[in-house]
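Biologist: Could you go through this model with me? I would like to start with what is inside and then move on to how the chains meet.

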Amino acid sequence: MAIPLIFFLVVRFLPTFVALRLSLYDWNILKEVQPYVGGKNYSRLIQDGIFGKALVNTALYTIIGVPAQIVIGLIVALLLGKIRALQGVFRALYFAPYVTPIVAAAWVWQWLFSPQFGPVNTFLIWLHIPPQSFLTSPSQALATTAALVVWQNLGFQVVLFLAGLAAIPSTFYEAAEIDGASGSQSFWKITLPLLNPTIVFSVVTGTISYLQLFTQVVNLNFTDQGGPLGSTMTVALYIYQMAFGRFQTGYASAITVVLFAIILVITLLQLRFLTKRVNY
Amino acid sequence: MNKLLLSLALGGLSAASFSHAAPVTITYWQYDYASKVTAINELIKKFEAANPDITVKQENFPYDAYSQKVASSVPAGQGPDVVNLYYGWLPQYVDAGYLQPLPTKEFPTVLTDSNYAPMVKTAKMNGKYYALPTAVRTLAIFYNKDLFKAAGIKAPPKTWEELIADAGKIVQGTPPRYTTLGFGIQPDGQDYHVLREVLVRQFGGQPYSKDGKTVTYNSDAGTKAMTFYTDLMTKYKLGVPNFFPGNNSYRDAFIAGKVGMIIDGSFAINTIKSGAKFDWGVAPLPVLTANSKEKDNFGSYWVNGITKNAKGDKLAASIKFLKFLTSADTQRYWLQNVGEIPASRKLAADPALRKDPVFGPFVSSLPYASSTIFVDEAGQRKAWVDAINTVLLQGNAPANAVKAAAANEQKILDDYYKK
């Protein structure tokens, strides 16, 4: 009892409180004196245009990424459920991006979407669509980055749904069939409601991972500046830049606390409004 | 009484002989760059042979993590005795009391002023030197001789006008689907240095006030410089940024033989030498008009300093090692093995070096190379790169972009100097 308690207090919770304390200081790892500044770091946040942009970008990633990942993941899982041959091969193929190192995947993505040599643009030209700038365009870089994250997470999402689908007793479908229910009726009335726990889990964990988005952005967008004109900058990347690039640890901690609060509130709201008790 | 005296005398004797022979170990840190790590290992062997009572231990860290590793270790009383730092980080490190000023007995300030390339003065703070370089770097044009020949160009450009004309003959493809670039434009490569330290001056302006505390490029010259640079892409369509994926996009593309010219530093010589499978050359940075006297360059360097951790015997050993690292012999060794040019005026003035086809253009620009005083290198870079990108990617007016860069950078400078 004592050891797990100590573990959680020291390893899990202590850093959070340290960050909270640091955020009240003008903490710079290069300085000998770390003056107490109270809420100054927080008032600076309000005026910081880059932080505002990082917040908007992070919200956009979440709004694009989470639904895309869940809808596409569900479609793929349902289709995979219908395939009888080579099922394992297909599952492995979908799961492969998830276990591919992000750095390697980002490299491939950069080549795919290269304005000059990329196969994606070659395809667009073949369709008589003018070539696009993708990652080098301030208006397209974010969507291209989000596409990479969705593509990478899809494998895990599909596995979740396959497990959720397998847990629905087949007798429900048989009963529905006897009652004369159509395919779409049994999807909306049986599959979707019974997948609710899986969907809630996916929404909550997906949202958290998009709110903390960092590695893909760093590796996809040339240098650590968050893409052309900061168009792909996320809150997590901004924390990293402030803390480790510019040594403003106190300010970075204030951003961390804000991000923590945002994630906490959103997660609680999601759990409150998405969870349905389903009884049959 | 006698016994006491005797023991005191003996104690003093043994202490004296002991401190002389006691072996000292000092630690040297630099970031992980293959040719530099090898060179330092060889130099340490030489140094230890001459100073048998001193052992030097080299430790390396990846570039991305280097500065934060250094910054977090020394205040904790750990880390290196002698440390390698980018000159642009110095104000922050000196301000933090992280480095000891170099003892003027061993490194007389006046001599340092006169012996070193002029740009090294940016390492002098409050009238004291805190660190010194072994080698320095300047910028020049790397050009692909094969592409030049194919386009019927006989010599590398001397003026910016010629650069535009030459690059225009080399470029192939329609934007953005270029297959070959005339000029490898890359704002976050070395280009923003060119714009700030070279073009602004050549157009008759000054980038900063003398003390480096005030931005002065928000001027007619600044606008002209920004217009000229961004025209390379928007008007003359010589290339696009990030032509190749990755952080060294324009250098990688040049090495792949896909770019006619790039502006890069002397530190890139070895990378290009080992990678490029074609005939290439180096030419000095262009000037505005053929008879222009306004020549400029951007100089940068890595310095070696002594941290506050080095005390007593370690300090004495660190001073010896630093003297060795900045000696003429080491500077020559560095040139041959790393490819960076000597920081000493005398060595750089060596006629053989000035005539060298590769090193020559870099060396000859040393007398007129300026270094920017950075107080927040990453933040100041972002101000410029973002300003350039608003013109290239969003069609912003160059005058507005310069104004925005000036406002952002001035704010960083003000925040730093008000403390």
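Modeller: Since burial comes up at once, a residue is called buried when its relative accessible area is under 20%, and exposed when that area is over 50%. Please keep in mind that this is a predicted model.

Biologist: Ok, how much of helix α12 of chain A is buried?

Modeller: Of the 11 residues in helix α12 of chain A, residues 235–245, 8 are buried, so the helix is largely enclosed by the rest of the structure. The buried ones are Val235(A), Ala236(A), Leu237(A), Tyr238(A), Ile239(A), Gln241(A), Met242(A) and Ala243(A).

Biologist: And what covers those buried residues of α12(A)?

Modeller: The cover includes four helices of chain A, namely α2 (40–47), α3 (49–82), α11 (215–220) and α13 (249–274). Just after α12(A) comes Phe247(A), which takes a positive phi of about 60 degrees.

Biologist: Stepping back, how many helices and strands does chain A have?

Modeller: Chain A has 13 helices and 0 strands, and its C-alpha trace spans about 75 × 60 × 30 Å along the principal axes. Of its 280 residues, 42% count as buried. If you take the contacts in chain A between residues at least 6 apart in sequence, 68% of them join residues at least 24 apart.

Biologist: What share of the accessible surface of chain A belongs to carbon and sulfur atoms?

Modeller: Carbon and sulfur atoms account for 73% of an accessible surface of about 15,000 Å². As for charge, chain A carries 14 positive and 7 negative charges, and the mean positions of the two sets are 3 Å apart.

Biologist: Changing topic, how many residues are in contact between chain B and chain A?

Modeller: On the chain B side 37 residues are in contact with 29 residues of chain A. The area buried between the two chains is about 3,000 Å², with 58% of it coming from carbon and sulfur atoms. Within what chain B buries against chain A, Arg177(B), Pro245(B) and Lys382(B) supply 23%, more than any other three residues.

Biologist: How many salt bridges are there between chain B and chain A, then?

Modeller: The count is 1 salt bridge, and Arg246(A) forms it with Asp376(B), their closest N and O atoms being 2.6 Å apart. Over all chains the structure holds 15 salt bridges.

Biologist: Which side chain meets Asp264(B) in a salt bridge?

Modeller: That is Arg251(B), at 2.6 Å from N to O. The pair links distant parts of the chain, with Asp264(B) in strand β10 (residues 259–265) and Arg251(B) in helix α10 (residues 249–255) of chain B, 13 residues apart. Both Asp264(B) and Arg251(B) are buried.

Biologist: And how far apart in helix α17 of chain B are Arg381(B) and Glu377(B)?

Modeller: They are 4 residues apart in that helix (residues 377–394), which means that about one helical turn separates them. Their side chains meet in a salt bridge at 3.7 Å, N to O. Because the cut-off for buried is under 20%, Arg381(B) counts as buried at 18% relative accessibility, and Glu377(B) is buried too, at 13%.

Biologist: What about Lys418(B), is it buried or exposed?

Modeller: Lys418(B) counts as exposed, because its relative accessibility is 62%, whereas its salt-bridge partner Asp415(B) counts as partly exposed at 33%. Their N and O atoms are 3.6 Å apart. Finally, a network of salt bridges links Lys36(B), Arg137(B) and Glu340(B).

Definitions and conventions: Residues are numbered from 1 along each chain as its sequence is written. Chains are lettered from A and ligands numbered from 1 in the order in which they are written. This is a predicted model: local features need pLDDT of at least 70, side-chain atom pairs count only at pLDDT 80 or more; totals for chains, interfaces and linings use all residues. Side-chain values use heavy atoms; hydrogens and water are left out. Helices (H or I, at least four residues) and strands (E, at least two) are DSSP runs, numbered from the N terminus. Buried means under 20% relative accessible area, exposed over 50%, partly exposed in between (1.4 Å probe, protein chains only). Contact means heavy atoms within 4.5 Å. Accessible areas come from the Shrake-Rupley method with a 1.4 Å probe; for residues, only the protein chains shown count as cover. Lys and Arg count as positive and Asp and Glu as negative; His and the chain ends are not counted. The place of a charge is taken as NZ of Lys, CZ of Arg, CG of Asp or CD of Glu. Buried area is the accessible area (1.4 Å probe) that two parts lose on being put together, summed over both. A salt bridge is a side-chain nitrogen of Lys or Arg within 4 Å of a carboxyl oxygen of Asp or Glu.
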